[in-house]
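Subject: The structure, and what turned up in it

Hello,

Here is the structure I promised to pass on. Have a look at it first, and then read on for what came out of it.

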Amino acid sequence: VCQKATLFPSRPHSARRGRMASGVELAEVDLGVDEEPTSASAAITSDRAVELVGFGSFHVWLTLILTLGNAADAVEVLSIALVLPNLTHLSDADKGALTAAVFAGALVGAVAWGLAGDLVGRRPALVASTLLNGLFALASSAVGEHLGALCACRFFAGIGVAGTNAVAFTLLPEFLPASKRGVGVVVLASGWMCGSVYSAAVGWSVIPKRGWRAFLAASSAPALVAAAAAAAR
């Protein structure tokens, strides 16, 4: 008995083709049966196709990229808590607005990136959201102590933060066989804790010596690396 599946770019539907949620279609599948296949036995669902493909190096790489993206989200959200004590010129109300800016952006991004992932594909949405996060995190290190500029950078970074979450936790289960989905999602979720440790460790080592701007620049690294990896793979 042999089993084989061939992947093709998106084409019009046919009786022997099915569409995966990621926009990839599956063409003819030889189920390896001796008798002449009927239309029911010849059909294949996207879930069945994922099971036939199994688990390999692609899935490991995908899990690592998405976990890094989730870690980048944690770094961006938590970094402001380490920066605020150094912004002594801001009032408590100003600090509250700066803290809330990233979550205001995330509110917008959660809806926008979910729709974008369905319309243009998960991968382009992932690359764009992590890149947006990283670029505006980096920009916030260069705008100085101006409250409006800092809030704007945090807001747009927050839009990117929401995109990574919306895409990553949808994309990974779509590509993993059922037996690996539980472990995969746990690894993906652990990225938040890894990002928290990274943020605390970098803040502790960089801020006293180089200042908060250097810390914000270093905080952009996980998002930029995740964007580059997702675009290159």
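Let me start with a charged group: Asp 118, Arg 122 and Glu 174 are joined in a network of salt bridges. Please keep in mind throughout that this is a predicted model.

In that network, Asp 118 pairs with Arg 122, and their closest N and O atoms are 2.8 Å apart. Glu 174 also forms a salt bridge with Arg 122, again with 2.8 Å between the closest N and O atoms. Glu 174 sits in helix H6 and Arg 122 in helix H5 (residues 122–140), so this pair ties together parts of the chain that are 52 residues apart in sequence.

Are the members of the network buried or exposed? Asp 118 has 57% relative accessibility, so it counts as exposed. Arg 122, in contrast, is buried, with a relative accessible area of 10%. Glu 174 counts as buried too, because its relative accessibility is 18% and the cut-off for buried is under 20%.

How many salt bridges does a search of the whole structure find? The search gives three. Besides the two just described, there is one between Glu 76 and Arg 154, where the closest N and O atoms are 2.6 Å apart. Glu 76 belongs to helix H3 and Arg 154 to helix H6, so the pair links parts that are 78 residues apart in sequence. Both Glu 76 and Arg 154 are buried. As general background, side chains of opposite charge can pair when their charged atoms come close.

Arg 154 also leads us to the empty space inside the model. The whole structure holds two cavities of 30 Å³ or more, and the largest cavity has a volume of about 50 Å³. Its lining is made by Ile 80, Val 83, Leu 87, Leu 98, Ser 140, Leu 150, Arg 154, Trp 212 and Leu 216. Three elements give two or more residues each to that lining: H3, helix H6 (147–175) and helix H8 (212–219). If you wonder how such spaces are found, rolling a probe the size of a water molecule over the atoms shows where empty space is left.

Now for the overall picture. The protein has nine helices and three strands. Along the sequence they follow the pattern β-β-β-α-α-α-α-α-α-α-α-α. Of the 233 residues, 40% are buried. Among contacts with a separation of 6 or more, 71% are between residues 24 or more positions apart.

On the outside, the protein exposes about 11,700 Å², and carbon and sulfur atoms supply 67% of that area. One nonpolar surface patch of about 370 Å² is made by Phe 55, Val 60, Trp 61 and Leu 64. Val 60 lies in helix H3 (residues 57–83) and is partly exposed, with 39% relative accessibility.

Phe 55 comes up again around Leu 176, a residue in the loop between H6 and H7. Leu 176 counts as buried, at 1% relative accessibility. Which residues does Leu 176 contact, leaving aside its neighbours within four places in sequence? They are Val 50, Phe 55, His 59, Arg 181 and Gly 184. Leu 176 and Gly 56 are 120 residues apart in sequence, yet their C-alpha atoms are 9.7 Å apart in space.

A little further along the chain, Ser 179 is found in helix H7 (residues 178–210). Ser 179 has 61% relative accessibility and so counts as exposed. Its C-alpha atom is separated by 9.6 Å from that of Gly 54, which is 125 residues away along the chain.

One more pair to look at involves Gly 148, in helix H6. Gly 148 is partly exposed, with a relative accessible area of 42%. Gly 148 and Ala 97 are 51 residues apart in sequence and 9.7 Å apart in space, C-alpha to C-alpha.

If you open the model with all this to hand, I would begin with Arg 122 and its two salt-bridge partners, Asp 118 and Glu 174, and then turn to Arg 154, which pairs with Glu 76 and also lines the largest cavity.

Best wishes

Technical notes. Residues are numbered from 1 along each chain as its sequence is written. This is a predicted model: local features need pLDDT of at least 70, side-chain atom pairs count only at pLDDT 80 or more; totals for chains, interfaces and linings use all residues. Side-chain values use heavy atoms; hydrogens and water are left out. Patches are made of residues with over 30% relative accessible area and no salt bridge: like charges are joined within 9 Å, nonpolar side chains (Val, Leu, Ile, Met, Phe, Trp, Tyr) within 5 Å. Accessible areas come from the Shrake-Rupley method with a 1.4 Å probe; for residues, only the protein chains shown count as cover. A salt bridge is a side-chain nitrogen of Lys or Arg within 4 Å of a carboxyl oxygen of Asp or Glu. Helices (H or I, at least four residues) and strands (E, at least two) are DSSP runs, numbered from the N terminus. Buried means under 20% relative accessible area, exposed over 50%, partly exposed in between (1.4 Å probe, protein chains only). Contact means heavy atoms within 4.5 Å. On a 1 Å grid over the protein atoms alone, a cavity is a set of points where a 1.4 Å probe fits but cannot get out, and a pocket is an open set with protein on both sides within 12 Å along at least five of seven lines; lining residues have an atom within 4 Å of a point. Grid points are joined across faces, edges and corners, and a volume is the space filled by probe spheres set on the points.
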